[in-house]
Amino acid sequence: MSATAGGHEGTATQTVANTLGFKPGMVIQELGWDDDVDDALRIQIEDAIDADLVDGEFGNVVDAVLLWWRDDDGDLTDALVDALTDLAGGGNIWLLTPKVGRSGAVDPADVAEASQIAGLATTSTTAGVSKEWSATRLVAPKTPH
């Protein structure tokens, strides 16, 4: 048997798009990329938005941020504050961390503390987006007008 393009790939792409809320035309910034990230997930997201992910040098407003983060990457609070730089109002940060038990896993209490200090609220954690990575959705609290 050989692996061929097509088949059930569209279903996987739609699932990731639905889970993370990504739609065609959205601009998604990716921070914290390294060679351990889930390339299949990245490709599914790019397929869902019908564009490439942009990096930290993009310099324009983005709809959402993907932040790959490992326990030894440094100060999570600083990274979350930096991730807010280009984020459009109403956008969210998807914090991708290695799953519990994997090398580089981040303690959920550390995520909660860093999020709170950065002025973000944790709304959900989704383990099913990748075999090795969990995704936590972080949003800025809505401010009254």
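The largest nonpolar core in this predicted model brings together 19 residues, and Val65, Leu67, Trp69, Leu76, Leu80, Ile93 and Leu95 are the ones with the most contacts inside it. Four elements each put two or more residues into this core: strand 2 (62-68), helix 3 (76-83), strand 3 (87-98) and helix 4 (108-117). Helix 3 chips in the largest share, 4 residues. There is also a second, separate core, this one of 18 residues, with Val37, Ile49, Ala64 and Leu66 among them. As a general matter, nonpolar side chains in soluble globular proteins tend to be buried together.

Valine 65 gives a feel for the packing. Setting aside neighbours within four places in sequence, valine 65 touches Gln29, Leu31, Ala83, Leu87, Asn92, Ile93 and Trp94.

Helix 3 deserves a look of its own. Its buried residues are Leu76, Thr77, Ala79, Leu80 and Ala83. Viewed down the helix axis, the buried residues of helix 3 fit within an arc of 160°, so they line one face of the helix. The cover over them includes strand 1 (28-31), strand 2, strand 3, helix 4 and strand 5 (133-139). Where helix 3 starts, aspartate 75 has a side-chain oxygen within 2.8 Å of the backbone nitrogen of threonine 77.

As for confidence, the protein has an average pLDDT of 86, with 85% of the residues scoring at least 70. Among its elements, strand 1 has the highest mean pLDDT (97), while helix 1 (residues 9-20) has the lowest (61). Over residues 1-11 pLDDT stays under 50, and the model has 1 contact beyond four places in sequence for that stretch. Where pLDDT is low, the predicted coordinates should not be read in detail.

Technical notes. Residues numbered from 1 in each chain as written. Predicted model: local features only at pLDDT ≥ 70, side-chain atom pairs only at ≥ 80, totals over all residues. Heavy atoms only, no water. Core = buried A, V, L, I, M, F, W, Y, C linked by side-chain atoms within 4.5 Å. Buried < 20%, exposed > 50% of the residue type's maximum accessible area, 1.4 Å probe, protein only. Contact = heavy atoms within 4.5 Å. Arc of directions from axis to C-beta. Polar contact = N/O pair within 3.5 Å; in protein donor to acceptor, adjacent residues only side chain to side chain. pLDDT = per-residue confidence, 0-100.
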